[in-house]
Amino acid sequence: MKQLLSINLLVLLFIGIEVSGQTLMVPPYLQPGNAPTLTKESKVIIWQTDSVPGKYHVEFSSTAAGAKKATGKVSFVTLRLKNKTTLLYRSTLTGLKFDTEYSYRVSLNGTSIATGKFVTRTKKPETRFVVFGDCGAGAPQQAEIAYQVFQQKPQFVLVTGDNVYSYGLENEYRRNFFPAYTADEPDPQKGAPLMKSIPFYMILGNHDIYGAKFEKYPDGLAYFYYNDLPLNGPTSEYVVKPTGDEALIKNFMANTKPRYPKMSYFSFDHGNVHIACLDANDYTNPLDPVLVQWLAQDLRNSKADWKIVSFHQPGFNSSKAHYNYQIMRLLAPVLEELQVDLVLSGHVHNYQRTLPLKFEPKRDESGTRYLISEEGRVDGKFTLDQTYDGITSTKPNGIIYIVTGAGGAALYDPSLSGKPELWVQGTQENWAPFTTKMISDIHSFTLIETSGKKLILKQLDAKGTSLDTITITK
């Protein structure tokens, strides 16, 4: 009977919550907004209702005694998808001070429907954040990970793609993503109220763009509906493009402006960390001159202690799954020149960490073009730092590549976990023993903490047990 009651409550959550004559489809949650640098701070609150319009009011203030309340402007777009109409609301909170706790309240016709607190980005030389990917499957493990992430009290969460399964649709976000991260109370069986107070930075994965064929999936590319991220990326031609009915495409463009396609690539600062987020799907070109020029300028202009790049599909992977997709290796020399410290990816549903490495892709006979096989493999020369162990030797010579794709979806290659003899792949030009850790039989997430010139990376499971720990120093 208790189990049946829990299921009924979960169904009600998926369907919506009645609020003063309206149905709340997605409760208010926090987003980073268009605030990439540490010069101005803002946040965005988003929520979704059924087709009944309401007069919403958003107020916020510092939690300091005597602080004056401010009002966030509320706007909405009408989504008419799959013969169903919903309203997607946004309220931007501007004029925020850094390193400050704020409270907010969302009300409808004078009645409070949601309250929350958040802390703005820090300017101090320190951070604490969580990274995971391949999460929005609506699985029990997703809720368990969400619960444990909440216990770690991160300043923000970086999701390395495949935010939702299986096609990136609006109804999949409501069914498979939001319940775990907007739960009323922290509970390992339900999730946690993470997104009510902690901003999520999300990256496009392959499952997030499978719904681009609007003739089949009119509610596809919902990434651009539900996210509100920095808009400082390049104007690249290598972006996902919706196809199908022209009216659906026109409505999509109108309802996602200015976020589509700008949110395909972006960067942001938090404390002493700078993170550049890229789209690595199969329509992209990692050596697109527009992208490379933007990335070079973006990273060179950063004065952060730590420079991190993140994209969904890893270039260096010793799992059997997705091994042949190696086009992001082409970017390795650029990242090395720009002195990137870490690369964070997902796509492969497990955890992997490489030795610090440098990689020079193989060129054709003329020496002007990199070679890519029909399968997508990129051969080249590996240089591995065998002395770095992250314990006694903490200054890496090369970039450490992390795969953190065990955030909730079914795991890949569990039989390979902790067995280096099974990680060998292909020829010496295509694979070297660059992977020094693989945990593929348990769901997990990455916790990163920085303090000045010191960075600690931990891989934790759903119980908070440390599976891997390294220190990087400069």
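Here are some short exercises with worked solutions on this predicted model.

**Exercise 1. Find out how compact the protein is for its length.**

Step 1: Start with the secondary structure, which consists of seven helices and 23 strands.

Step 2: Compare two values. The radius of gyration is 22 Å, and the globule rule gives 23 Å for 474 residues.

Step 3: These values are close, so the protein is as compact as a globular protein of that length.

Step 4: For a view of the outline, picture a box of roughly 70 × 50 × 50 Å along the principal axes, filled by the C-alpha atoms.

**Exercise 2. Describe the inside and the surface of the protein.**

Step 1: Of the 474 residues, 58% are buried.

Step 2: Turn to the outside, where about 19,700 Å² is exposed and carbon and sulfur atoms supply 52% of that area.

Step 3: Now consider contacts between residues at least 6 apart in sequence; 73% of them join residues at least 24 apart.

**Exercise 3. Place Lys458 in the structure and decide whether it is buried, partly exposed or exposed.**

Step 1: Look in strand S22, which covers residues 454–461, to find Lys458.

Step 2: The relative accessible area of Lys458 is 29%. Buried means under 20% and exposed means over 50%, with partly exposed in between, so Lys458 is partly exposed.

Step 3: Set aside the neighbours within four places in sequence, and Lys458 is in contact with Phe445, Thr446, Leu447, Asp468 and Thr469.

**Exercise 4. Follow Asp468 to its salt-bridge partner and describe the pair.**

Step 1: The side chain of Asp468 meets that of Arg353 in a salt bridge, at 2.8 Å from N to O.

Step 2: Locate both ends: Arg353 is in strand S16 (residues 351–354) and Asp468 is in strand S23 (residues 466–473). The two residues are 115 apart, and the pair links distant parts of the chain.

Step 3: Check the surroundings, and you will find that Arg353 and Asp468 are both buried.

**Exercise 5. Describe the salt bridge between Glu337 and Arg300.**

Step 1: The side chains of Glu337 and Arg300 meet at 3.1 Å, N to O.

Step 2: Glu337 belongs to helix H7 (residues 332–337) and Arg300 to helix H6 (residues 289–301), 37 residues apart.

Step 3: Relative accessibility is 57% for Glu337, which counts as exposed. Arg300 is exposed too, at 52%.

Step 4: To finish, put the pair in context: a search of the whole structure finds 14 salt bridges.

Methods
Residues are numbered from 1 along each chain as its sequence is written. This is a predicted model: local features need pLDDT of at least 70, side-chain atom pairs count only at pLDDT 80 or more; totals for chains, interfaces and linings use all residues. Side-chain values use heavy atoms; hydrogens and water are left out. Helices (H or I, at least four residues) and strands (E, at least two) are DSSP runs, numbered from the N terminus. The radius of gyration is taken over C-alpha atoms; the globule rule is 2.2 Å times the number of residues to the power 0.38. Buried means under 20% relative accessible area, exposed over 50%, partly exposed in between (1.4 Å probe, protein chains only). Contact means heavy atoms within 4.5 Å. Accessible areas come from the Shrake-Rupley method with a 1.4 Å probe; for residues, only the protein chains shown count as cover. A salt bridge is a side-chain nitrogen of Lys or Arg within 4 Å of a carboxyl oxygen of Asp or Glu.
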